[in-house]
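The following exchange examines how the terms applied to a model are justified by their definitions.

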Amino acid sequence: MGIRAIRGFKDILPPETRSWQELEELARACFETFGFSEIRTPILEKTEVFNRGIGEHTDIVEKEMYTFTDRNGDSLTLRPEATAGIIRAYIENKLYNRSSVQKLYTIGPMFRHERPQKGRLRQFHQINAELLGSDDPLSDAEVIWVAWEILQEIGLKGGLRLEVNSLGCPKCRPGHRKDLSVFLENNAQDLCEDCKRRMKTNPLRVFDCKKEECRRALLLAPVIKHYWCPECSEHLGRVLDYLEFLEIPFVINPHLVRGLDYYQRTTFEIKATGLGAQDTVAAGGRYDGLVELLGGPKIPGVGMAIGVERALLLMESEVEEEATDCYFAVLDRDAMEYVLKWMKELRQNGLICETSYGKKSLKAQLRAADRVRARFSVIVGESELDEEEAILRDMETHEQWQVPFDEVAQELLKKTLEEEEVEAKKAVQEEERE
RNA sequence: GUGGGCGUAGCUCAGUUGGUUAGAGCGUCGGGUUGUGGCCCCGGAGGUCGAGGGUUCAAGUCCCUCCGCUCACCCCA
């Protein structure tokens, strides 16, 4: 094999790109209804943005970033997630001065140097939302809501499971962490090797362990829930009330932990069946200390990310390329000037028009028309040129008739519009039946 | 970073105990009388059998090394 894309990086080809467009358009439409505006930030940032934002001791920063030195000696990093960069832009552009609350979304690629597997790539894409400037539980609920809504819209009605938890705040979290560390050290002999390591690096993560031995050992471990301060309890309670009111089903997972340091209070994951080991389609949480940590004012925030590839794996619907409205079969070079004129007018009116390149037999051209699923074909050869009448062929009924040159574009436009109206009516009727 | 599975045409795969010019289906291009598509029939193009080395008279087939893909661990969207 010759030159190849690098490991974990994928070409996204037609017709699959159709599914991407569909998902992105749906997400954008959904965000607009929630009052989010699009922000686009660079995919490359100073490494510092992520080191400080995500946390020095996270796996992402320690071993997964694409980091390199720029020609002038700066350390740069391909963004492994969107939030840190958006917060940097938020601070740099003083967006908090425009209005107290900013609701931003972005869609784009992220980069993490991990071993690829099902639902995990080195370049992957996220649909991201950040709500900055409010610590109202309603803002948590709205971020979960918009994630839920997008996933519903793309047709993942079943098989989704929303898990929610609170990680506490800087007031109540340290107490839990300390007690947990002590507990783990006292029970280290019952833990697997991985957990013994986690115990030191990120004690909370032992709760994620799937091994039976560890689960048993952790039955009596201190749970964050019992350490929540009154404010954190109240906050989560109100978020859950909103979710209930919105009829978004959830389960509380007291062991739900996130891999990024900046999260506090509300965290959530939306998991799906059918994704293999990487079963989280969307996740997010509250990060009240982050803006300040990156050098901005003390402003709270909450956000979420949907994994595009993972959502697409769940969509599974195969989207076809759009069918062509009209294919122009040209048998004589002199006919091309007429054809170009018709195609220009039709394309300007939104019709999909194609013609063949190079000299081809009529048979070959009609075959090509068939392959692009042309609804109509127009045939122009020597005799048509003489009579100044083209042949318009209905590819479904096989009917064909002659149309004067100066009526070809209009005739096609009329025919296509009629069809569209019929289709639209059918669609409406079908929807009514459902 | 660690383990398991897999690498033969664009795709899905066959290839007998090692034995002639490596095959099929689909796709693609063309033909089936002058200028009429899908179905059918016929034909063409397309492969360093993942790469390198070894064993052998002979390797797609056996052995070794490497590379890639994939799933899982880890971690996460």
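Q: How many residues of each class, nonpolar, polar and charged, does the lining of the largest cavity have?
A: In this predicted model, the lining of the largest cavity has eight nonpolar, three polar and no charged residues. Ala, Val, Leu, Ile, Met, Phe, Trp, Tyr, Cys and Pro count as nonpolar, Asp, Glu, Lys and Arg as charged, and the others, Gly among them, as polar. The lining includes L167, F207 and V223, together with N165, H176 and H255.

Q: What makes this space a cavity?
A: On a 1 Å grid over the protein atoms alone, a cavity is a set of points where a 1.4 Å probe fits but cannot get out, and lining residues have an atom within 4 Å of a point. A search of the whole structure finds one cavity of 30 Å³ or more, and the largest cavity has a volume of about 40 Å³. Volume here is the space filled by probe spheres set on the points, which are joined across faces, edges and corners.

Q: What makes a space a pocket, and how much space lies in the second largest pocket?
A: A pocket is an open set with protein on both sides within 12 Å along at least five of seven lines. About 420 Å³ of space lies in the second largest pocket. Its lining has 18 residues, of which R173, R177, N202, L204 and D261 lie nearest the centre; by class, nine are nonpolar, five polar and four charged. The largest share, four residues, comes from helix α6 (residues 173-186); helices are DSSP runs of H or I with at least four residues, and strands runs of E with at least two, numbered from the N terminus.

Q: Why is strand β11 (residues 301-307) described as largely enclosed by the rest of the structure?
A: Seven of its seven residues are buried, so strand β11 is largely enclosed. Buried means under 20% relative accessible area (1.4 Å probe, protein chains only). G301, G303, A305 and G307 point one way, V302, M304 and I306 the other way, and all are buried.

Q: How do you know that β11 pairs with strand β6 (residues 123-132) and with strand β10 (residues 280-286)?
A: Two strands pair if DSSP finds at least two bridges between them. Strand β6 and β11 have seven bridges in the antiparallel sense, with I127 opposite I306. Strand β10 and β11 have five, also antiparallel, with R286 opposite V302. Both pairings therefore satisfy the definition of at least two bridges.

Q: Which conventions apply to the model?
A: Residues are numbered from 1 along each chain as its sequence is written, chains are lettered from A and ligands numbered from 1 in the order in which they are written. Local features need pLDDT of at least 70, side-chain atom pairs count only at pLDDT 80 or more, totals for chains, interfaces and linings use all residues, and side-chain values use heavy atoms, with hydrogens and water left out.

Technical notes: Buried < 20%, exposed > 50% of the residue type's maximum accessible area, 1.4 Å probe, protein only.
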